[in-house]
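Open your viewer and keep the selection panel handy. We will move from one stop to the next, choosing what to highlight and saying what is there.

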There are 2 protein chains.
Amino acid sequence: MNGSPKLSHTAALILQTIENGCSYGFDIMDATGLPSGTVYPALRRMETEGLIGSHWEPDKKAAAQQRPARKYYRVTRAGAQVLEQSQKRYPLVGRLAAEKSGR
Amino acid sequence: MNGSPKLSHTAALILQTIENGCSYGFDIMDATGLPSGTVYPALRRMETEGLIGSHWEPDKKAAAQQRPARKYYRVTRAGAQVLEQSQKRYPLVGRLAAEKSGR
DNA sequence: CGTGCCTATGTAGTATTCTAGCTATATGCT
DNA sequence: AGCATATAGCTAGAATACTACATAGGCACG
């Protein structure tokens, strides 16, 4: 029985960043400073593992704001459980979580 | 001209942790939650690049406290410069630095 | 109308990180 | 002695992250 998948420090940081309201790749890159070559493959893996879900923004909306379409992510129930474990394991991630709910 | 070496997010976190007063491997593992297989190789690389220096604790002192000897690290001048760049690049690392000096 | 800049996502190949283990000293339990 | 726990450092091989680059639409400049 497969103890739920454990996240690397970087993956946990990305997941917590989504939880804190950054809902698409570019926003996560901006908030964390991580490069696209880290963020996008990590998002894909976490989606495959069922920790996050995604949907594309309608073309209309993107066109109206004159920019490319965004792919939005949200944390699933399974993802929230794994994130909770990561907050205990990685103090920095735990702190980010506390700051979100805390103030 | 070799722009000074850029650090990964994890390496920057380790360097900042040393700057904040965690001076040996086990202490860094504890403060960050990172595994030994991340911390020790990273310390070695950063020492090779001249970002940190190290020295072994005298056996006497370790024996007196009934534990194995520790290898202490400190941030060099070159390391401090690279760290400063990393604080700008990675918001989380910058925040750790601010909390150290700030409050 | 070509070049550069901004947003946004994505990929190939290399470098780093992580999992799972090991070495070693000391303490305590059975 | 044998086993477990704790501190401390380290390593091999698999998994992940990073650098550098690519794609693509819209905008501005000259």
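Start by selecting helix 1 and helix 2 of chain B, whose axes cross at roughly 110 degrees and come within 10 Å. With that angle, helix 1 of chain B is roughly perpendicular to helix 2 of chain B. Rotate the view until you can follow the crossing of these two helices, which is right-handed. Keep in mind along the way that this is a predicted model.

Now show the side chains at this crossing. From helix 1 of chain B, pick Leu13(B), Ile14(B), Thr17(B) and Ile18(B); their partners in helix 2 of chain B are Ile28(B), Ala31(B) and Thr32(B). Colour the contact of helix 1 with helix 2 of chain B by class, and you will find five nonpolar residues, two polar ones and no charged ones.

Keep helix 1 of chain B on screen and swap its partner for helix 5 of chain B, residues 77-89. Here the axes lie 10 Å apart, and the packing angle is about 120 degrees. Helix 1 and helix 5 of chain B are therefore oblique to each other. What is the hand of the crossing of helix 1 and helix 5 of chain B? This crossing is left-handed.

For the residues of this pair, select Ala12(B), Leu15(B), Gln16(B) and Glu19(B) in helix 1 of chain B, which meet Gly79(B), Leu83(B) and Ser86(B) in helix 5 of chain B. By class, the contact of helix 1 with helix 5 of chain B has three nonpolar, three polar and one charged residues.

Next, zoom out and display both protein chains. Superpose chain A on chain B: a turn of 180 degrees with a shift of 0.0 Å along the axis lays one on the other with an RMSD of 0.1 Å. That is the relation of a two-fold axis. The same surface serves both copies, as 100% of the contact residues of chain A recur in chain B.

Stay with the contact between the two chains. How many residues does each chain give to the contact? Chain A gives 10 residues and chain B gives 10 residues. On the side of chain A that touches chain B, highlight helix 1, helix 2 (25-32) and helix 6 (91-102), each of which supplies at least two residues. Coloured by class, that side of chain A shows five nonpolar residues, four polar and one charged.

Now bring in the DNA, beginning with strand C. Select the 29 residues that surround DNA strand C; the closest are Gly25(A), Gly37(A), Thr10(B), Gly37(B) and Thr38(B). Helix 1, helix 2 and helix 3 of chain A, along with helix 1 and helix 3 of chain B, each give two or more residues to this surface. Helix 3 of chain B provides the largest share, six residues. The surface near DNA strand C holds 12 nonpolar, 12 polar and five charged residues.

Finish at DNA strand D. Of the 28 residues around DNA strand D, those that come nearest are Gly37(A), Thr38(A), Gly25(B), Ser36(B) and Gly37(B). For the elements, select helix 1 (9-19) and helix 3 (36-48) of chain A, then helix 1 (9-19), helix 2 (25-32) and helix 3 (36-48) of chain B; each supplies at least two residues of the surface near DNA strand D. Which helix gives the largest share of the surface near DNA strand D? Helix 3 of chain A does, with six residues. As a last colouring, the surface near DNA strand D divides into 11 nonpolar, 12 polar and five charged residues.

Methods: Residues are numbered from 1 along each chain as its sequence is written. Chains are lettered from A and ligands numbered from 1 in the order in which they are written. This is a predicted model: local features need pLDDT of at least 70, side-chain atom pairs count only at pLDDT 80 or more; totals for chains, interfaces and linings use all residues. A residue is near a molecule or strand if its C-beta atom, placed from the backbone, lies within 6 Å of it. Helices (H or I, at least four residues) and strands (E, at least two) are DSSP runs, numbered from the N terminus. Ala, Val, Leu, Ile, Met, Phe, Trp, Tyr, Cys and Pro count as nonpolar, Asp, Glu, Lys and Arg as charged, and the others, Gly among them, as polar. Two residues are in contact if their C-beta atoms, placed from the backbone, lie within 7 Å. Axes are lines fitted to C-alpha atoms, for helices over the stretch in contact, and angles run from 0 to 180 degrees between N-to-C directions. Angles under 35 degrees count as roughly parallel, over 145 as roughly antiparallel, 65 to 115 as roughly perpendicular and the rest as oblique. A crossing is left-handed if the near helix is turned anticlockwise from the far one by less than a right angle, and right-handed if clockwise. Copies are superposed by least squares on the C-alpha atoms of residues with pLDDT of at least 70 in both.
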